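Here is a walk through one protein model, from its charged pairs to its nonpolar interior. Have the viewer open while you read.

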Amino acid sequence: MSLKCIGIDIGGTSVKLGIFEEDGTLVKKWEIPTRKEENGKYILGDIAASIRRTAKESGLELSDFSGAGMGFPGPVLPNGHCEVCVNLGWKAGNPQQELSRLLDGMVVKSGNDANVAALGEMWQGGGKGYKNLVMVTLGTGVGGGIILNEKIWTGEQGVGGEIGHIHVMEGEKEACNCGGHGCLEQVASATGIARTARRMLAADNRPSTLRSLKNISAKNVLDAAKAGDALALESLNKSCYYLGWALATISMVLDPQAFLIGGGVSKAGTFLTDIIKRYHDELSPMATKKADIVLAKLGNDAGIYGAAKLIIG
């Protein structure tokens, strides 16, 4: 029997886990709650206990696994050290070393969750066939992951791929979660798309179906734009313009083959990616062959696929 591996994706609410064959076949997946109390001290212990329990239920021993890959929301250095992981409460530690200890010395490799998800999409998702790509996740924030020559690129301090905090707007008064002003996340995330629409509604008297809604969401804006609501479409175009601007800037630096668009906002499909591509292509005139802008395919499983790929190599 060939060795299997484990993929782990640690989120703020739940931890997703999967057992994989070395050819990328997902054998089993499951979730456990993320216990963040006391600065996340229980998270790794819970993961190790769950792996042991699920392996036993599947008729496997820890020795049947070549290793476990892990993605979590924070900057990760090549040796696995994480200085701070705000969403989990972790500070100045090495989660991969600790999980390895809890799993009797099993090989554990780790990375930032967005980078790991990008690796998963390149391996078995929407990025299959590309060697150089950038994944952009449009959710509550804007996340990013960079793959160069089929490997995660993290930069010197582990913050490579923090696309959401590229400065794109001058004169923005509200602060971003990072402490900056005018970040891409403030205009192109799900939160940012809704915020941009609310601002436009307040500044423009044109009729819009959005005016009848109490709490406008990004989905509301996208649905209204698809249905031909002029103000909603103008608002969405503004958000996509800034996103296209940021991606064009990245193209001029990294020259990737493709950008993968994921996260909840990506459910709008090619209606969204077509608008992004229009602005990206307009704003990257030097590139004769423009980067493809395509949809991610693995959804919430991208993290566990990418984590497993850290082990499989």
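Is Glu 234 buried, partly exposed or exposed? Glu 234 is partly exposed, with a relative accessible area of 39%. Here, buried means under 20% relative accessible area, exposed means over 50%, and partly exposed is in between (1.4 Å probe, protein chains only).

A quick word on ground rules: this is a predicted model, so local features need pLDDT of at least 70 and side-chain atom pairs count only at pLDDT 80 or more, while totals for chains, interfaces and linings use all residues. Residues are numbered from 1 along each chain as its sequence is written, and side-chain values use heavy atoms, with hydrogens and water left out.

**Salt bridges**

Side chains of opposite charge can pair when their charged atoms come close. The search of the whole structure turns up 14 salt bridges, each being a side-chain nitrogen of Lys or Arg within 4 Å of a carboxyl oxygen of Asp or Glu. Three of them are set out here.

| Pair | N to O distance |
|---|---|
| Glu 98 and Arg 101 | 2.7 Å |
| Arg 199 and Glu 174 | 3.3 Å |
| Arg 206 and Glu 234 | 2.8 Å |

Take Arg 206 and Glu 234, whose side chains meet at 2.8 Å, N to O. Arg 206 sits in the loop between H6 and helix H7 (218-226) and Glu 234 in helix H8, so this pair ties together parts that are 28 residues apart in sequence. Helices (H or I, at least four residues) and strands (E, at least two) are DSSP runs, numbered from the N terminus. Like its partner, which was covered above, Arg 206 is partly exposed, at 29% relative accessibility.

The Arg 199 and Glu 174 bridge has an N to O distance of 3.3 Å. Since Arg 199 lies in helix H6 (residues 190-203) and Glu 174 in the loop between strand S10 (151-152) and helix H5 (185-188), the pair ties together parts 25 residues apart in sequence. Both ends count as partly exposed: Arg 199 at 38% relative accessibility and Glu 174 at 43%.

Glu 98 and Arg 101 are a local affair, with their side chains meeting at 2.7 Å, N to O. They are 3 residues apart in helix H3 (residues 95-102), which means about one helical turn separates them. Glu 98 is partly exposed, with a relative accessible area of 30%, while Arg 101 is exposed at 53%.

**Cores**

In soluble globular proteins, nonpolar side chains tend to be buried together. A nonpolar core here is a set of buried Ala, Val, Leu, Ile, Met, Phe, Trp, Tyr and Cys residues joined through side-chain atoms within 4.5 Å. The largest one has 41 residues, and those with the most contacts inside it are Val 136, Leu 184, Leu 247 and Leu 272. Elements giving two or more residues to this core include strand S8 (133-138), strand S9 (142-148) and helix H9 (270-282). H8 gives the most, with 9 residues. A second, separate core of 29 residues includes Ala 68, Phe 72, Val 76 and Leu 99.

What does Leu 272 touch? Leaving out residues up to four places away in sequence, its contacts (heavy atoms within 4.5 Å) are Leu 138, Leu 222, Leu 236, Cys 240, Ile 261, Val 265 and Ser 266.

Thr 196 lies in helix H6 and counts as buried, at 7% relative accessibility. With the same sequence neighbours left out, Thr 196 touches Val 187, Ser 235, Lys 238 and Ser 239.

**Paired strands**

Strand S4 (residues 65-72) and S7 pair in the parallel sense over 5 bridges; two strands pair if DSSP finds at least two bridges between them. Gly 71 stands opposite Gly 111 in S7. Of the 5 residues of strand S7 (residues 108-112), 4 are buried, so the strand is largely enclosed by the rest of the structure.

**Backbone oddities**

Most residues other than glycine have a negative phi. Asn 39 has a positive one, near 55 degrees; Asn 39 is found in helix H1 (residues 37-40) and is exposed at 56% relative accessibility. Asp 255 also has a positive phi, about 50 degrees, although it is not a glycine. Asp 255 falls in the loop between helix H8 (230-254) and strand S11 (258-262), and is exposed, with a relative accessible area of 55%.
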